[in-house]
Amino acid sequence: MKRNTNLPRPARWLWAMPNLALISFLAVGVALLWFVRTNERNAQRDALIEDVLWQEQVLRTELSSRQSQLEGLAHDQVRGDLSEGSFYGRAAAIMANSPEVVAIAFADEFGEAVWSYPALSLAPLHQVPAALEPMQRAARIGLPASSPPFNYPGAGQVVAMAFPAVQGNRTTGAFIALISLRGLLNTYVPWWITQRYQLAFLDIEGNILAARPDQTLDNDVSLNSYDIAFDPPGYGLRLRAVVYQTGWSFWQHALYGMLAGLSALMLWSLWVLKRHMRERLSAERALQREMNMRRAMEDSLVSGILATDEEGRTLHVNRAFCRMVGFEAEWLLGCRPPFPFWPNETRVHCETVFQAILRGECPVNGVTMRFMRRNGERFDVRLYASSLIDGEGRHTGWVASMTDTTELNREREALKASHVRFVTVLNGLDAAVAVTDRRSHELLLSNRAFNEAFNLAEADGPFCALPLRETDPENEWCDPILGRWYHNHRRETIWVDQSHVWLDIATDVTEHKMAEERDRLQAEKLQQTARLVAMGEIASSLAHELNQPLAAISSYSTACRNLVGSGQLTPSELDDALEKIVEQSRRAGAIIRGIREFVQKREPKRSPCRVGDLVDTVLSLLAAPLNRHGVRLVEKRRADDTELFADRVMLEQVLFNLCKNAIEAMADGEQPRRILTLETQSRDGWLDIAVADLGPGIAPEDVEKLFMPFYTTKAEGMGMGLNICRTIVENHQGRLWVEARSQGGSRFVVSLPINPARVLVSKPAASAEQPSEPAK
């Protein structure tokens, strides 16, 4: 209770006297109670220790007596005065006079019973190695020993005491007595001890082995106990005595009751004396706390508060309002409109709003006004007004709360300007930009290019942009409605509301696709021209190849006619001649068909083809150039039986161009160096076809430009042959490169996959180009 410092010094002293008397009285009572209780506990503790020591001595004496009896048996056995019958008689007498003895036995040094009463009494001992070991040790070394407590069937926890029978320097065995701990307590603890204490044997871990009486005492800290070591048998065995909890006597209860009654009477009198003062001080403190809390809450607000009476006179302003307008509270109190914080340019508006507030017509959602600080700075506020009701429920005026919105309006304008700049930049992009929700696929944002590309208007509202969502993240796709091609770049990002969205940027590549298509058509025309030029170069070899089967057909036909005219032709001879004519006709047809397929303009067509057949076709077309230029062909064909899934005619044209380039490169060389090497081999799922020559080779600065379009080292070449060859090989998912040979010349290598994917991706500009004129 708070001390009243407004009273004079004598009054304050008289006011404090009851408190001092009460404190003194309680201190004396507590000291008396503590003194009495302490003496009682000390006396009880001393009596407990004395009784436990006496009881421990009694139990030790009894155990010593049992040991003496075992010693007597051992001496009689050593002298030869103890027979088996007399052992049983003396054991029965001992057990009859000592109920705590469970069994008596004579055992050898290994613990095996020689005599035992009752029979087989040592059998449970063999189940407890820790208890058997001391018995065996006593029999071996000839010294008395005891065992740790163990559980014996029918007797609970027992200890074994052993006394050796020593004859000269030899121990013949040991007499063992099993003594029940519970029997010791029940037999040798007198009744007056059990009325005061509970006696119990405890092991080294504090577990109760036996107790008298057997009831379990509450684990209460008020219980007083005392432990003493019990040795023998030892092994941490302890005897504990616990004092029963007893209640106070009648005079103690009376004393403490009187003390409590006097204390209550004094407290009541003091309460009556101070009740009025306490109520008054409590009310004052509560009022002061309430006022401090309200003032703290009001001063911590960032919103300004202005309270006026019904006529508009200022009654109260808080600290935040003073900070807003820059005037002190004392300067503003009692002011009437027009207020000094109304600027001249908005005074009419402020007067109108203030009159509406006095009439109770202020909008619920507030009104925006512009005020002026003392230094002339203008600022915007949002003002809310309501009625001011006093504690008795009477309307006494109006209270207005206002928030400075200058920074908020500035940020709003800056955000609006930033949005306008962002939209302007976004609409100025040529690429179509769209943001779609990842879950609902709803279009959240799009620029002008996107709306124009897909014919969208602002009135269309949100929709699902499925055409963009169905494409790969980095791919080209065609709008099936407008027929326009777009390259779409898409990535996942986080939207302003923290949702996951897709950002798609689609670039119109229709003109680029059309240019690629024109280039493809032009390349096809060049390929066709290349075929025709190549056919012109091999025309002489074709004439030679066709003349041979035609001459053979003519010869066989003339021979048949002569034989028919002479009448000497037999049917078998006629059939043989006709078969040879048919064979030569097929040979000529195969030559014509191969030339037609070679020259024919067609789309790429892939099918299984044998490598050996492909090489044979090319070599048949190269027979004339090889003979004309005197070039020797060296074949290293190790993969003739390998099958490719490819366009056979295109690969034949690639191999033909490479071989023809090699032949022409060696045309001006020495005769011994005109060697064309054609090698095929398979490795790890790939087929390698190598064409090597011993020509002048390729300069290192020309290697990178060799496969470029329209680059050639020949006077009459167009520079498209090797470029078209590489295009054909890459369309078959392979590679084409050139290597320099150590002995001179060049080596072109074509590497193709043996088992490529048979499903080809169809792209507008991905058509395989037919090879045209070979270049070197």
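Q: In this predicted model, does Asp684 count as buried or exposed?
A: The relative accessibility of Asp684 is 75%. A residue is classed as exposed when its value is over 50%. Because 75% lies in that range, Asp684 counts as exposed.

Q: Where is Asp684 placed, and what is its phi?
A: Asp684 belongs to the loop between β24 and β25. Its phi is positive, in a residue other than glycine. The value of phi for Asp684 is near 50°.

Q: How does Gln733 count in terms of relative accessibility?
A: Gln733 sits in the loop between α20 and β26, and its phi is positive, about 65°, although it is not a glycine. Its relative accessibility is 36%. Residues under 20% are buried and those over 50% are exposed. Because 36% falls in between, Gln733 counts as partly exposed.

Q: How many helices and strands does the protein chain have, and what percentage of its residues is buried?
A: The chain contains 20 helices and 27 strands. It has 776 residues in total. Of these, the buried residues make up 40%.

Q: Which residues touch the most other members of the largest nonpolar core?
A: This core holds 43 residues. Those that touch the most other members are Leu622, Leu644, Leu655, Leu658, Leu676, Val691 and Val750.

Q: Which element supplies the largest share of this core?
A: Several elements each supply at least two residues of the core, among them α16 (611-621), α18 (648-665), α20 (721-731) and β25 (686-692). The largest share is 9 residues. That share comes from α18.

Q: Which residues does Val691 touch, not counting residues up to four places away in sequence?
A: Val691 is one of the residues that touch the most other members of the largest core. Among its contacts are Ser746, Arg747 and Phe748. The others are Leu655, Leu658, Cys659, Ala662, Leu676, Thr677 and Leu678.

Q: How many residues are in the second, separate core?
A: Leu63, Ala91, Ala177 and Phe201 are included in this second core. Its number of residues is 41.

Q: What is the orientation of α16 to α18?
A: The axes of these helices come within 9 Å and cross at roughly 50°. An angle between 35 and 65 degrees is neither roughly parallel nor roughly perpendicular. Therefore α16 is oblique to α18.

Q: Which residues make the contact between α16 and α18, and what is the hand of the crossing?
A: From α16, the contact involves Asp613, Leu614, Val615, Thr617, Val618 and Leu621. From α18, it involves Arg648, Leu651, Glu652, Leu655 and Phe656. The crossing of α16 past α18 is right-handed.

Q: At what angle do α18 and α20 pack, and what is the hand of their crossing?
A: Met650, Val654, Asn657, Leu658 and Asn661 of α18 meet Gly721, Leu722, Cys725, Ile728 and Val729 of α20. The axes are 10 Å apart, and the angle is about 145°. The crossing is left-handed.

Q: What is omega for the cis peptide bond from Tyr117 to Pro118?
A: Pro118 is placed in the loop between β2 (113-117) and α3 (129-141). For the cis bond that leads to it from Tyr117, omega is near -5°.

Q: What is omega for the cis peptide bond that joins Pro337 and Pro338?
A: Pro338 is found in the loop between α8 (329-332) and α9 (347-358). The cis bond joining Pro337 to Pro338 has an omega of about 0°.

Terms used: Residues numbered from 1 in each chain as written. Predicted model: local features only at pLDDT ≥ 70, side-chain atom pairs only at ≥ 80, totals over all residues. Heavy atoms only, no water. Core = buried A, V, L, I, M, F, W, Y, C linked by side-chain atoms within 4.5 Å. Buried < 20%, exposed > 50% of the residue type's maximum accessible area, 1.4 Å probe, protein only. Helix = DSSP H or I, 4+ residues; strand = E, 2+ residues; numbered from the N terminus. Contact = heavy atoms within 4.5 Å. Axes fitted to C-alpha atoms, helices over the stretch in contact; angles between N-to-C directions. Parallel < 35°, antiparallel > 145°, perpendicular 65-115°, else oblique. Left-handed = near helix turned anticlockwise from the far one by under 90°.
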